[in-house]
Amino acid sequence: MLVYALYFLFTDKGIYSVIKTVLFLLRVSCFFLLASFSYANDITECLQNNIKKVDAFGKQEARIHHLKAFQQHANLSIDFPGTRFLGSLGYTASRNYIVKKLTAAGYRVSLHDVPWYISFISTPHRFELTRPRKKVYQNNIDYIPFNSSGGAHYAGTVQLPSGDILGCEISDFKYFKPGNIALLERGGLCAPRTKVLHAISAGAKGVIMYNNTEGVMFSGLGSPIPSETTPVLLVSPQVGKELKEMIQAGQQPQVGIYFNVVKKSGVSQNIFAESISGNPDRVVMVGAHLDSSPGTAGMNDNASAAATI
């Protein structure tokens, strides 16, 4: 208990030094406890078991310590509160934190500039069914804008492609009516961007893609689409099924999409940390991305990996 008390007392100051001290004390205690009986196997087992427990405990607490710090950084962000989105105050704080920690640990740290550009839909935004009945869909539950979506305040009729609902071929839109909003299914052998470009080529003023798995999640199109006034959104399977059944019943559903685009660009940095010793001809590299995506838990994307490293 004394060992753990010392550990908690110094968690924020010299965590790794404390862990080393704990391991040393365990070795000494096992030796004096069992050496007089000359039970070599017992000594070995005592050392291995206790060292593994304390080592795992220390690493877990250290990770949690870093994760809490990342969350504090995320709370600084303005555009996407609660995230460390690229270019945000949260990302900058996390970058500075990592540089400080790695430098203190004795690594040779360098920053490499990386230009970035992103467009996203600002909040608040709205997506609603206007015909045959009124219904306002909920953001992050029923729908979520695609990253790099176009922006518009547009109301129109939802239409299925005349060919495959996946929309992977331009021929799928042969009889698509220009001015309508395309309803497509996510998945298939093509990227979402390909589907969107086909729909735009056919005259679609918006693209609704319903998910092929439960719920919705933040998704990107890879790069901005040619039409800056074509909104693109991912909806849940339930919303997709609802709209599809209306179309098949001849009800010609209409929706309103109200998205405003924000464009940002800048220069960020990748962080490189190299050990000052070792064989330069035998390199082991580990990495994780430090920024987090809006619409997803920063723990998953990707604070857990950054904290582990």
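Biologist: Let's start with a salt bridge: which residue does the side chain of R133 meet in one?

Modeller: Keep in mind that this is a predicted model. A salt bridge needs a Lys or Arg nitrogen within 4 Å of an Asp or Glu carboxyl oxygen. Here the N to O distance is 2.7 Å, and the partner of R133 is E242.

Biologist: Okay, and how many residues apart are R133 and E242?

Modeller: Look at where each one sits. R133 is in the loop between β2 (126-131) and β3 (135-136), while E242 belongs to helix α6 (residues 237-248). The pair links distant parts of the chain, with a separation of 109 residues.

Biologist: Is E242 buried or exposed?

Modeller: Its partner R133 is partly exposed, at 41% relative accessible area. For E242 the relative accessibility is 16%. The cut-off for buried is under 20%, so E242 counts as buried.

Biologist: Which residue is linked with R133 and E242 in a network of salt bridges?

Modeller: The structure holds four salt bridges. Some of them hang together as a network that includes R133 and E242. The other member is K135.

Biologist: That takes us to β3. Which residue stands opposite K135?

Modeller: β2 and β3 run antiparallel, and two bridges join them. They make a hairpin with three residues between the strands. Across from K135 in β3 you'll find L129.

Biologist: And which strand is joined to β2 by five bridges?

Modeller: Follow F127, which stands opposite I257. That I257 is in β9, a strand covering residues 254-259 that runs antiparallel to β2. So going by the rule that at least two bridges make a pair, the five bridges give β2 a partner in β9.

Biologist: Which residue does E128 meet in a salt bridge?

Modeller: E128 has 14% relative accessibility, so it counts as buried. Its partner is partly exposed, at 37%. The side chains meet at 3.1 Å, N to O, and that partner is R126.

Biologist: How far apart in sequence are the parts that E228 and K263 tie together?

Modeller: Their side chains form a salt bridge at 2.7 Å, N to O. E228 lies in the loop between β7 (206-210) and β8 (232-235), and K263 in strand β10 (residues 261-274), so the parts tied together are separated by 35 residues.

Biologist: Now the disulfide: which cysteine is joined to C168?

Modeller: A disulfide is a covalent bond between the sulfur atoms of two cysteines. The structure holds one. Its S to S distance is 2.1 Å, and C168 is joined to C190.

Biologist: What is the angle about the S-S bond there?

Modeller: C168 counts as buried because its relative accessibility is 17%, and C190 does too at 16%. Their link is left-handed, with an angle of -75°.

Biologist: One last one: how far apart in space are A69 and A307?

Modeller: A69 is in helix α3 (residues 40-74). At 9% relative accessibility, A69 counts as buried. In sequence, 238 residues separate A69 from A307, yet C-alpha to C-alpha the distance is 9.7 Å.

Methods. Residues numbered from 1 in each chain as written. Predicted model: local features only at pLDDT ≥ 70, side-chain atom pairs only at ≥ 80, totals over all residues. Heavy atoms only, no water. Helix = DSSP H or I, 4+ residues; strand = E, 2+ residues; numbered from the N terminus. Buried < 20%, exposed > 50% of the residue type's maximum accessible area, 1.4 Å probe, protein only. Disulfide = S-S within 2.5 Å.
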